[in-house]
Amino acid sequence: DGATTVVWTRSNGSNNIVQARTRPAGSDTFGAVVDLSSPGQNAGSTQVAVGSDGATTVVWYRSNGSNYIVQARTRPAGSDTFSAVVDLSSPGQSASPPQVAVGVDGATTVVWHSWDGSNNIVQASTRAAGSGTFGAVVDLSALGGSADSPQVAVGVDGATTVVWTADNSIIQARTSVGTKYSLTLTKSGAGSGLVSSSPAGIDCGLVCSYGFSLSTSVTLTASPAADSSFAGWSGSGCSGTSTCTVTISAARAVTAQFTANAPPTKPTNVFPTPKVSVSASALISTVSVPGPGTLAQIVTRRSARAVLTVCKTSRKATKAGTVKLTCKLSAATRVALRKGSLRVSVKTTFTPTGGLSASKTQVVTLKRRR
């Protein structure tokens, strides 16, 4: 936020003391000098690091008369006062000047090397994000070998890397995986659907919460089921019905709302028996239909040997109402009518748009035509 802290070591004539001054955000003036190390102890090699929230950590090492001990003090975010001095290195071991690094989430790692009586061992202690306490000392370099001059850096994903010089001037390193933060997806509403993430992790459906590294940009995509619609996002700054993108800086929660679509109206296929009239060359049927669809008609007659087609026709209906079908008689039928009357079967079928077909069959007598 622009607040600035300066640290140094100065002699009071008897000992070296770690001190600090801070210029608050928006101010042109530094505050009073603050003694950070304890009186009567010789301290030095001061380092300072500031987290993204403004929490400030100062580390140094000091002599207790027998060994050097790594110590730290922290000024929490929003505070004007440093916490009490904390010993970080193990008692009974002499520690080297420390190094400190802070992650984006505020996790703070301090490294140094200690003499165990036979070799120098690179060690570290970490204060987790959101915690006020440093964790236990961790040995990083291999036992039985000598290691010194450790350095530490933290990536934007929270992964921490420590490097040092080992025996025969070999550079060695160890890296810790950054802390994972949960992104939790909740589905709401009367509808249904799936939500997936890029990078992969959430497939909800099945997996609705997944841990992502710090600073990861996660894009969520909603896919509604066939009978549902996606109504939109809420939580973690997401809204609207497009994709939702969340940058992981802590645990996050997002809700996807699905609504149920109204059930489609079932098209009816009920229609009355058509009215049929006969001309010299055709059957003319008047059909009342309940809505849009397709009308088809086939007229047949029986002969001594087979069922013969008299005529067939079809027509589309665009809306409810009356439709006229004209079924032209075949040449063979017209010839047969000159000899005598014919009984024919008229089958009319209506198939509503998006619905099932229904048929009406009636017998009609075609009178002899001379």
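Just 38% of the 370 residues in this protein count as buried. Keep in mind that this is a predicted model. Its secondary structure boils down to one helix and 30 strands. The radius of gyration is 43 Å, well over the 21 Å the globule rule gives for 370 residues, so the protein is more spread out than a compact globule.

**Overall shape and contacts**
- Along the principal axes, the C-alpha atoms fill a box of roughly 140 × 50 × 25 Å.
- Looking at contacts with a separation of 6 or more, 47% are between residues 24 or more positions apart.

**Surface and charge**
- About 19,400 Å² of the protein is exposed, and carbon and sulfur atoms supply 50% of that.
- Side chains come out at 32 positive and 14 negative, with the centres of the two sets 59 Å apart.

**Nonpolar cores**
- As background, nonpolar side chains in soluble globular proteins tend to be buried together.
- The largest nonpolar core here has 20 residues, and the ones with the most contacts inside it are Leu183, Leu185, Val195, Leu220, Trp233 and Val254.
- At least two residues of this core come from each of strand 16 (180-188), strand 20 (217-224), strand 21 (228-234), strand 22 (244-247) and strand 23 (252-260).
- A second, separate core has 13 residues, among them Cys311, Ala336, Val346 and Leu366.

**Zooming in on Val195**
- Setting aside neighbours within four places in sequence, Val195 is in contact with Leu185, Leu220 and Trp233, and its other partners include Ile202, Ala222, Ala256 and Phe258.
- The contact list of Val195 also takes in Asp203, Cys204 and Thr221.

Notes:
Residues numbered from 1 in each chain as written. Predicted model: local features only at pLDDT ≥ 70, side-chain atom pairs only at ≥ 80, totals over all residues. Heavy atoms only, no water. Helix = DSSP H or I, 4+ residues; strand = E, 2+ residues; numbered from the N terminus. Rg over C-alpha atoms; globule rule 2.2 N^0.38 Å. Buried < 20%, exposed > 50% of the residue type's maximum accessible area, 1.4 Å probe, protein only. Contact = heavy atoms within 4.5 Å. Areas by Shrake-Rupley, 256 points an atom, 1.4 Å probe, with all protein chains shown as cover. Lys, Arg positive; Asp, Glu negative; His and termini not counted. Charge placed at Lys NZ, Arg CZ, Asp CG, Glu CD. Core = buried A, V, L, I, M, F, W, Y, C linked by side-chain atoms within 4.5 Å.
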